[in-house]
Amino acid sequence: KSATVDDVLHRLTPPLSKDVIENSFKEAFNSTVRDAAPLVTKDQNEDRPVPPKPLEKPQSDTKIEENVIIAATQHVQSVSVDDKKMLCELEFGSYCLWCHEHKEEMKDSMVKQMKDRLFVARAFLPIITKLPAQQKLAREMKQNIQEFEKIFSDATTDADLPPHVDMKLQKMEEIIKKAKAFPLDCNYVDKKLRQILDLTEDEAHFHMKQSAFLYQLAVQTMPKSLHCLSMRLTVEYFRSHSLDMELLETEKFVNPELHHYVILSNNVLSSSVVINSTVMHSSESQNLVFHVITDEQNYYAMKFWYFMNSFKEATVHVLNIEDAKLGYRDKVIPLHLSLSEEYRVSLRKPSSSQMNTEYISLFGHTHFLLPEICQKLNKVVILDDDIVVQRDLSPLWSVQMEGKVNGAVQFCDVSFSQLKGYLGENRYSQSSCSWMSGLNIIDLVKWRELNLTDTYRRLLQLQNKGDVSLRVGSFPANLLTFQDLVHPLDKSWALSGLGHNYGVDAHAIEEAAVLHYNGNMKPWLELGIRKYKARWKKYLKRADQFMGECNVNP
């Protein structure tokens, strides 16, 4: 049973972890992470990460969490509740945050008491059976064990227990008391109870893995209603071929004097919310041009949606990444839609044995093709499709980049010095900070001048020696490509964490120009954090025929 689930997890689950881990952690936590996805370990004789051969997994365009574990405490003999949460988050990521928030108090005190007696009876039964004069007691004990097992096949809480179960418990207590009266081999009983404990722990971990797999499946599967919407829009596009959908203001697409926003998305609703919320807060919507880059599967749905829906005087340009004319064939960066990559980075706090897990969102591979896709543009603002705009973004176009390429909110809780074991032997400033995608000002002229796409391509090749998935090397390649080229934006521009953190400060949410729902719990999913959903739903196009037909109600 457990092997079957392991096989399903390995074949179907997208990578739950891309771990870079100290050797000390490998030994200390071996029993804790023995069933986790393959780790990217650090070789004892080298400073750079040595990744194992990965399992083959289907490509996915869905944003998922990747895990980078830099260091960990070595003391795991006795752990507190907080430590257990930390260990859970190391292995299963934001599933543990969701699970903790939705934990229900089980009313099962009687069930637990009965299970405890059942385990003790199981430990004594083999010994009592071997006593020639106690066959009657052995039969009674075996009969009671079978009755308890039958009860537990249907009961998980006290409310599920049959009537008069207290009498059955009392009878079991009496039988155990009689068994204890005989001279027994305590070492055997102790060994048997330890075996039962191990089996119980394995069963609990098995169910945890099952739940984590179902959580990952839920957050990576497009809801039925959104899939319906995409299909309906696609069908309607081809039905309405008589409508001229190409009568667009194409001159605006390449006018460098306008404000150009780039959105990478395979989700009609989420990209629509980004555009709508941006336009609603703009005083000059006629200057806004949105370039929505999608894949072939969603291209026609996007085209029809933006043809049928207007956003004040803003212009929307839908592009199919698979039709992009780059003038060359890229052998390293695949020409399919790659959204922002999301990582969870687990670090040991300075002068402490405690671990701290942070969630970071960085560019996907497609972002590094933008200078070629937007050849006639000098500057763009990249918006992830899981954000909501709460303020006018026009001041971003007046930001002086001071020779930098990427204007982003920095994330100094994860610095280069903490990642030195993972960034390899490349030269970098240890004081440099990580940064977040979601809201980024990009100077395309400077990007082309420095040829950063080639830099990223080269770093990706260096990181992915040994036939390793491109995702493994994307994290360090992202950071190293933009080292010393990030212009820090004020933190009030973008607030991250609304897709995984249940405790984001309410005042900070109110003041932020952009809310970023980075993490697995997106606002259009059933698993999304409920208290943050209203700000996203506020910008949905409500009176839409197709949304009604598909019962779209995030």
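# Reasoning through a predicted fold

Student: Which residues does N406 touch, not counting those up to four places away in sequence?

Tutor: N406 touches F363, M401, W435, N440, I441, I442, F482, L485, V486 and H487, once residues up to four places away in sequence are left out. Keep in mind that this is a predicted model.

Student: Where does N406 sit, then? And why is N406 called buried?

Tutor: N406 is placed in strand β12, which covers residues 406–408. Its relative accessible area is 0%, and the cut-off for buried is under 20%, so N406 counts as buried.

Student: What can you say about confidence over the protein chain?

Tutor: The mean pLDDT is 78, with 77% of the residues at 70 or more. Over residues 8–64, though, the pLDDT is below 50, and beyond near neighbours in sequence that stretch has 127 contacts in the model. Residues 69–81 are also below 50, and beyond near neighbours in sequence they have 36 contacts in the model.

Student: What does the protein chain look like in overall numbers?

Tutor: There are 20 helices and 18 strands. Of the 554 residues in the protein chain, 51% are buried. Take the contacts with a separation of 6 or more: residues 24 or more positions apart account for 77% of them.

Student: On to helices. Why are α5 and α8 called oblique to each other?

Tutor: The axes of α5 (residues 109–129) and α8 (residues 186–220) cross at roughly 135° and come within 9 Å. Roughly parallel needs an angle under 35 degrees, roughly antiparallel needs over 145, and roughly perpendicular takes 65 to 115. The crossing angle of roughly 135° fits none of those, so α5 and α8 are oblique. The crossing of α5 and α8 is right-handed. On the α5 side the contact is made by F119, V120, R122, A123, F124, P126 and I127, and on the α8 side by Y188, V189, K192, L193, I196 and T200.

Student: What makes α9 and α12 roughly perpendicular?

Tutor: Same kind of check. The axes of α9 (residues 224–239) and α12 come within 8 Å and cross at roughly 75°. The window for roughly perpendicular is 65 to 115 degrees, and α9 and α12 therefore get that label. In this contact, S230, L233, T234, E236, Y237 and F238 of α9 meet Q297, N298, Y300, A301, K303, F304 and W305 of α12.

Student: Why is β10 said to be largely enclosed by the rest of the structure?

Tutor: Strand β10 spans residues 379–384, and five of its six residues are buried, so the strand is largely enclosed.

Student: What makes β5 and β10 a pair?

Tutor: Two strands pair if there are at least two bridges between them. β5 (residues 259–264) and β10 are joined by four bridges and run parallel, so they qualify as a pair. L264 stands opposite D384 in β10. With β15 (residues 439–443), β10 pairs in the antiparallel sense over five bridges. There, N440 in β15 is the bridge partner of I382; N440 is also one of the residues that N406 touches.

Student: And which strand pairs with β7?

Tutor: β6 (residues 288–294) pairs with β7 in the parallel sense over six bridges. V292 stands opposite V318 in β7. β7 is mostly covered, with five of its six residues buried.

Student: Why are β11 and β17 called edge strands?

Tutor: Start with the sheet: three strands, open, in the order β11-β18-β17, with mixed pairing. β11 (387–389) and β17 (494–496) each pair on one side only, and that is what makes them edge strands. From one strand to the next, the twist averages 15°. β11 is joined to β18 (residues 514–516) by three bridges, running antiparallel, and I387 stands opposite H516 in β18.

Student: Last one. Why is D484 called partly exposed?

Tutor: Its relative accessible area is 48%. Buried is under 20% and exposed is over 50%, so D484 falls in between and is partly exposed. D484 lies in the loop between α17 (470–481) and β16 (486–488), and it has a positive phi of about 65° although it is not a glycine. K312 has a positive phi too, near 50°, and is likewise a residue other than glycine. K312 sits in the loop between α12 (296–308) and β7 (315–320).

Terms used
Residues are numbered from 1 along each chain as its sequence is written. This is a predicted model: local features need pLDDT of at least 70, side-chain atom pairs count only at pLDDT 80 or more; totals for chains, interfaces and linings use all residues. Side-chain values use heavy atoms; hydrogens and water are left out. Helices (H or I, at least four residues) and strands (E, at least two) are DSSP runs, numbered from the N terminus. Buried means under 20% relative accessible area, exposed over 50%, partly exposed in between (1.4 Å probe, protein chains only). Contact means heavy atoms within 4.5 Å. pLDDT is the predictor's confidence in each residue, from 0 to 100. Axes are lines fitted to C-alpha atoms, for helices over the stretch in contact, and angles run from 0 to 180 degrees between N-to-C directions. A crossing is left-handed if the near helix is turned anticlockwise from the far one by less than a right angle, and right-handed if clockwise.
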